[in-house]
Structures are given as C-alpha cells and as structure tokens.
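Hi,

Here is the structure I promised to pass on. Please open it first; my notes follow below.

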Amino acid sequence: MRRMLAPLFIVCTCAAPAVAQRNLVANPGFEDGLDGWRFWGGAAPGEILVESEDVHSGAGALRVTNPSAGKVRAFQPSVRLNQDEPRALHLRYWVKRMSTDPEALQCVDLYGRHVDGSGVGFFQNTGVEHAGEWVLVEQTFEPEKPVAYLGVWALNYDTTADVLFDDIEFWVEPPPRLPTTDLVSLQTDDLSLRFVSAGNLVQVRGLRGARGRTYLDGPEGLRPDVNLWELRVRNAEGETLRVLPDDRALLGAEVREGERGAMAVLSWRGVYVGNRPAVDVDVFVLAPPGQSLAWFTCRVDLRDERLGLVELQFPVLAEMPPLGDRPADERIVYPQGLGRELRDPHSNPTALSLSYPSSRASMQMMAWYDGRGGLYFAAHDGEGYLKTLLLGPETTAGLRYSVAHLPPDTGRPGLDYQTPYPVVVGPFEGDWYDAGRLYRAWATRQTWCSCGRLAERGLPAPVRETSVWMVGHMPRDRSGGARQPSLSPDEKRALSPEELQEAYLPLSPELNREAAARFQDYFDVPVTWWWTTWMLPAFDTRQGCQVPPRRFAESVAAVTDLGIPVIPYTNIRRFDVGIAEWEQLGLEAGAVIGPDGEVALEPLAGGYTAIMCPASETWQRYFARYCLGFIQRGVTGLYIDELGTATARPCYSTDHGHRPGAGKHWVQGRRAMLRRIRELCEPEEPDFFTGGEEPCEPYIDLNDYNFTYGSRRPDQVPLWQAVYHDYSVSVGRPMGKWYDTASMVRHYPERLQRGDVGMDEFVTGHGQALVFGIQPGWVRPDIPTYAPETSEYYRRLVRTYHHAKPWLLYGEMLPPPRILTDLPVVASVWRYKEPLPVELPAVLASAWRAPDGTVGIVLANISQEDQGLELVLPIGRYRSLVGLGPMSVERLLDEGAWQSAGEAMVGRPIAVEVAAEGFAVLRLKPE
C-alpha cells in the first residue's frame, strides 16, 4: 500500500484564514482553465474539464468525470522539495462529491518520492456525509523521512459520479529563521553586494547595479538549511551526504583590491562531515571594473581522504523576493531548445532543472526580469563541463538560483575541486533579448564560434541554397504484390542483414524521383530531402547498425540527379544491444559505464540500447566509418540524431581516455567525433554537411544546422537567435499531421486528419518560425495534394524566406520592433505529444541586420483578416541606428523585386499593411 493516512484531519464548511506560505499549486482555482493540469485516466474514458457555474469561488472549478467507475485523475507535475529533514506538509482544498459511496476515492492526493528513492503518498477520503455540497478539507501530514518531490492529484476512483474541486492549496511548513549580521560588502562604481551570515551560513543580499536598483533583499533572517554553497559527498560506506557548514566551522571574510577588480574572499575551515572536521571551502567573488557583473568561483579541499565529492551547488542565491510590486509581470527566460519564458515564476511551481549540454539547456544562461530589467545568470564555461542550471520557486518563499557542478573523477575519495569556470550574476536592463545579448558578448568569443559568422564561414551549398525541406519515407517497389513481414521487435533483431534484405521490399528509384520532382516543381526553390525511415526493419530497431534496403544507392541517385540533396538519419548516441553486431564488433568497449560498473542501457522499441561514450576510440572509429558508408552510397550529408538533444551522461570507464564520472569528456568527445566524420567524408563529397537534433552551442562550428524538432511551445521566444542566429542555422518547425503520416494518426482524431482542417495550427506555427528566422521545413512530400490550401500558404511563406535570406539566414537579430497597434489575438492548438493551446498576436514581427548593414523587418499575419498596423524601432533599443538619420524603405514583392515604400527613422512609426495569412518584408537603407 503506497499511501499513509494523515495524523491530523479536519472537515469544515466555514471559511478559514488565508495561508501565508507560498502555495505550490499552479492555477489552484482554475481561473485559467486547465492551465497547469493534465488528464490521467489510464484505460478509463473519463475526462477533466473546467466548470463555470458550480464553483466554490471565482470563475472556475475542476470537474472530474468518471462514467466507467475506473480511475480518473487530474494532476500537476511534481514539485521538488528536496528536504534535508522531514517537515510538515499542509493541504487545503474545497471538494463537492456527488458520490456517497465511502469506498470511492474522491479527494486530493499528494504522491511522490522520499529523498532515499522510496515512494511516499498522503491522502484522506472525506466528505461522504456532505455529498452534494462544498466542503473544506484541511490536512497536515508529517512525513517520516525527507521528501524529494510530490505531485498533486485530484482523484475520482471507483464510482460513476462526478466530483468538483476548487481552491487547492499545498504548502510546506517553513523552517525556523536565524537572525543575521552583515559579514562583508563588495563595492565598485558599477556593482555592490553584501554578504550576511547566521552562524557560519552565508547568503548574498543587497545586490545593486550602477542604476541603483536593488535585488536579492530577501526576508529577515536565514533559513538553517540554506548557504551560499552546499556539497554532496560520498563516504567510505557509499552513502551520499549533504554538507552545509554548522557552528563548529571557522568562517573568515575579506575584500581584496587588485588589477582585475575588487574581490570578496570567504573561507570556511573544518566543515564537519559526521563527527569530524573534513572539508575546507573558499569562495571568490570578483567584481571586474566597468561591469555590473559578479564572477563567482569556488574551491573545495577534502581534508578527509575517505570522502569523495559528488556535486557542488554554487552559488546558491535563495529566497529572492519579487523584483517589484507586480510579480505577475515577471518572467524567467531559459534556454530549452530555442528558448522559453516562464511567466509569473513566484506563483508557478515549476522549478527549472536544466542539464547542460542538451536540448534542455542549449546554452548556459538564464535571466529573471520584469518590465524594467532584472538579473542575469550564466556559467561562462567554454569547454563544456557537465552541469545543471537551477532556477525557480522555493517551497517556502521567493526564487532560488544555483548551478550544480559535477566534478571529474566524480566521487573519487580525497580529490579536491576548483570550479574551472566562473558563474556570472548581475543586473541588466531589458528583457530576454537583452539578456541574450549580454551572453552573446561572451559566447561568440568561444571556440564554437571560431569559424566566424555564417556569411564568413562558407556554408556547404545545400545549407546555403535550400529554402524548404521535405521529410518522409522513400517509396518501395510493390510491383510484385509482396507485403512486408509482420514480425515482433525481437524477431526483427534476430534477422541478419542478408535475411532482412530478402524479407523486405526494395526501394523504387522511379517513385522516389517522381515524389521529389513534384515537390520541387511545386515550391520552385532549392529543396533538400531529409530521409528518416530508410532503414530495415524499423525506425528504432538496430540503432547504430541499421541496414540499407536494396536499391538504396539507386534511389538516392534518382533524387540527387534532380539537384536535390538527400540526407539520411543516423544516431550518434546509442547502439542496439539486441543484435548480433553488438558482440561481433566489440562495441561494449565503447559504451558509457555507470557508477555501478555496468553498461548504461535505455529501453527503446521493445529492446535496449547502450548509451555510447563519445570519448571512446572504439565508438569514434566505428561511427565515423559507419557515416562514411552512407556518403559512399551517394548521399550528400548526414542527419545526426541526439547530437544536441539528449542529456549527456557521466561515464565511469577507466579505458576511454577521460577521467571517470562527469567533466568535459562528453562535449570534447563529440567534437572529436564530428571532426573525424568530416575528415573521412569531405574528400568523398565536396558539399558534405551535417545537421543535429536541436541547437546546442558546443557544436556550432562543427555542425552545419540544427533541426528544431522540440522548439514548438506556446511560451517559445527566439533566445537562441538573439545570441547565435548569424553563427548557426536553425531548420524546421514540424507541425503535426503536415510533418508525417505517423503524427497524423498518433495525434489527431479521425475528424481532424484531413489536410486543410485546422489549418490555423500550421499557419501560427510556421508563421512564428519564419519570423524567428528558421529555415522552412520539415513537411511531408505529398503536402500539395494532402493539404492544397495549406500548401498554397506555405509556398508563399517559403518564397518569402527565399528572397529574405540576407536577413533570415545570415542576419544578426535586432531587438523586436514594437507594434503600436492593438491587434487581435489568434488562438490555436499545437499538437506536440499532447495538445498545447497557444495564443499569439495577429501579426508577428522581427528585425535583422544583414551582412551589408541593411535592416530587414519581417512580419507574418497569422490571422484570417487583413491587418493594418504601425510599428516603431524604439530609440532606446536601436541606439546604434539613431545616427543614420532617414532611411529609405522598400517592400519585397512576391516575385523577389523591391518596391519603394517611403522613408523611416528610428523612433518614428512605420505604417504597413499585411494581408490575411500573408507576409511583409521591409528593407531599410540609409539615404
């Protein structure tokens, strides 16, 4: 039984005083519909919906229907508590049961895990005697062990009756606070901050920039479980322990002045682990002259050589209060994919935990801001060490920021650690764009930008010339009437390459050529064909050693003879351990080894794949030769799946030429693999190019484009473009059923599977992608016949991109123009794994500086009505253009010519008309 009954339980129907602690439930009163809540019904056909008439308060309540007496639930993703010691949990909600069955579960449940990994759950079934009326439920739970995380579930089990929930609150008993004293202050002309202490615990307070705005002035006193740093160490018994300084350590602090600026030095000596002094810690905080940024570094010395360092969290900036008096206007921008914005973070229980490098953290920066600016947070690491970026609400008050540093030789006893890069924190003015530009000033000086901007780099011809990508299956030859075999995944893996060739139909070069030619003729711009499912027997089987069908090379040649490059799918990260080649090729020697000494495995397609270590000579040599085999069969380039997507894995092998555990071997190994692939393939194919899944900064100079598969979220912002657009090519915004037939069947009910039904999803998604400067794609080859109306829209979009490449391919992103006109909002639903409601203004706009210095403004009208509007380039954000004076304005015509459209100046409104589901590109040149 996974649940424990609460020791305290109260049911009442009278009002209770408001809760002072922060509610960990997002959208607790369902005023924002189902935002933050998800349906979970298993096999039950029930549903969750927002009730607008029968509510306890406000405009909404949650109705959980259960017509089959199964298990129907609404839930919120888990809130991370990470308790160091058990603390009381409080739950308060209003419920209206329609069932009088005492065996039916109609209640709110907290369920998750203890810190030690064991399950934990709390619930009390209540209110049967009050069925049909609103009842207040208040509960307090006392966990026996520290809790790592809990989800909030609204349950309706084992009854055919509905249940209503409203005003759900969940909070954690706050720990007692310790009085603080000022420890030391760091002061320059551009930055000041002070450190306060309570015993040997230290926190940053009063961070202030040159403009005088103060940040981080948290509540009075310190929590006893928060310090500027904290450690995870492993002892001789294999236990992982959390380490904070207590009153037995010695704490010293001073400020030093030097050529590099003012530096605060904080030192802890003899920090206890168990019953003995075991650790010394030094923190260095540098304020360089002329910057409003503080550079944090840390050194950890292990006195006790029986201990091994597993993780350093540093700097920990805790209980950060709202930036102003309107917390709902605050945002956090974070680098998942192209970039996302978390709104109202103080009220949103989403605590961000971003593993770098991966698509969860394509860069190493985040920012928190309101309408006046905010705080910039970044790890300025140019070598690619594994780390986790953490920012979001705490369980008691305010926000918390830290970086979890994962040292090389992870957990090895007696090894000291010095952070090999600074963590940079400081105030800035503006929003996500300005924070991105602050990061860009550092990032574009790193190795991954050493090839220069795209206009200087010399892109391979297919990447440079392509204006639309098609994706799909290459047709097979069914002239003999044969059918593909129906085999289980294990049976497919058991077949040899020769048996697979005999069992499966060959490709049809003729049909492939016809499909490519039709697509090319329709769009009438340069095309590239991304070939996903070329392999035998199925997409996710035989990963790492997939078998080309018969007539593979002929089919490729039939398409490339049309001038259409073909790139097949490959995967750089995994190998299928269920096929004979795993042992025959001796690839276990190249696999990631976990801390238990075993090969790291992940389930996939009914089997298991080994995660391969990119630093291993075995894997590097094999995969490069594997890639060369495709080039020798006539393809032009390679798509490399999971290059930037999946989380990097520490590897504990002692035979791969890297230090066991975390460190920088993943990035440096991947970079070595990409160089090796190029050295083999470029002599065979002059136009050779590679593309990887999702943007990821360490590979920019060695990879030619990024497929933005997961970057289609309602809260997307083009943060990546603000930093890297003129250094890195982004491709593709695959939208559901227009992407492939598998998405059509998987994500759309039958009534929505027709091509032009719900066209607004395609228009909003691809219209935003165009304005973000993403190269159009990827769409299915038959889209002109599958969705004629949609295709006509897309052909106009593709041709707009084609003629606007000086800005949308090569341009440096400028601050977004400000649209002065009140525009209607367009609502749609994007189907990405689950339906995602999205609302966007009717006209989207971006601005770019081309290599020749001209400014391009790109607009997309995603509504079904013509829109007339005024926009302006704000003086405060376009200071570099203010001195240019009047600029001539030209508008791009459909055929690629330019038409005069008057003149403009920075700070003055520009009037423009954009047709329904249409586009406008304006070119601004100094007169």
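I began with charge. The mean positions of the 92 positive and 120 negative charges of the protein chain are 3 Å apart. Please keep in mind that this is a predicted model.

Overall form

The protein chain has 927 residues and a radius of gyration of 29 Å. A compact globule with that number of residues would have a value near 30 Å, so the two agree. Along its principal axes, the C-alpha trace spans about 75 × 75 × 65 Å. The secondary structure comprises 17 helices and 53 strands.

Buried residues make up 60% of the 927. The exposed area of the protein chain is about 35200 Å², and carbon and sulfur atoms supply 48% of that. Now take the contacts with a separation of 6 or more. Of these, 73% are between residues 24 or more positions apart.

Cysteines

How many disulfides does a search of the whole structure find? The count is 0. Cys 627 is in no disulfide; its nearest cysteine sulfur belongs to Cys 681, 6.0 Å away. The cut-off for a disulfide is 2.5 Å between the sulfur atoms, so the 6.0 Å to Cys 681 does not qualify. Cys 627 is buried, at 0% relative accessibility. Cys 298 is buried too, with a relative accessible area of 0%.

Two buried strand residues

Asp 576 lies in strand S36, residues 574–576. Is Asp 576 buried or exposed? Its relative accessible area is 0%, so Asp 576 counts as buried. Leaving out residues up to four places away in sequence, Asp 576 touches Arg 493, Thr 541, Arg 542, Gln 543, Trp 582, Tyr 608 and Thr 609. Val 95 is 481 residues from Asp 576 along the chain, and their C-alpha atoms are separated by 50 Å.

Tyr 93 is in strand S6, residues 89–97. Tyr 93 is buried, with a relative accessible area of 0%. Setting aside neighbours within four places in sequence, Tyr 93 has contacts that include Cys 107, Val 108, Gln 124, Thr 126, Phe 165 and Ile 168. Asp 166 and Asp 167 are also among them. The C-alpha atoms of Tyr 93 and Val 921 are separated by 52 Å, with their positions 828 residues apart along the chain.

Backbone points to check

Most residues other than glycine have a negative phi, and most peptide bonds are trans. Four places in the model are worth listing against that.

- The peptide bond from Tyr 356 to Pro 357 is cis, with omega near 0°. Pro 357 sits in the loop between strand S26 (352–356) and strand S27 (365–370).
- The peptide bond from Gly 777 to Trp 778 is also cis, with omega near -15°. Trp 778 sits in the loop between helix H13 (759–771) and helix H14 (783–786).
- Phe 30 is not a glycine, yet its phi is positive, near 60°. Phe 30 falls in the loop between strand S1 (8–12) and strand S2 (38–40). Phe 30 is buried, at 1% relative accessible area.
- Glu 694 has a positive phi of about 70° and is not a glycine either. Its loop runs between strand S40 (689–693) and strand S41 (705–707). Glu 694 is buried, with a relative accessible area of 5%.

Best wishes

Conventions
Residues numbered from 1 in each chain as written. Predicted model: local features only at pLDDT ≥ 70, side-chain atom pairs only at ≥ 80, totals over all residues. Heavy atoms only, no water. Helix = DSSP H or I, 4+ residues; strand = E, 2+ residues; numbered from the N terminus. Rg over C-alpha atoms; globule rule 2.2 N^0.38 Å. Buried < 20%, exposed > 50% of the residue type's maximum accessible area, 1.4 Å probe, protein only. Contact = heavy atoms within 4.5 Å. Areas by Shrake-Rupley, 256 points an atom, 1.4 Å probe, with all protein chains shown as cover. Lys, Arg positive; Asp, Glu negative; His and termini not counted. Charge placed at Lys NZ, Arg CZ, Asp CG, Glu CD.
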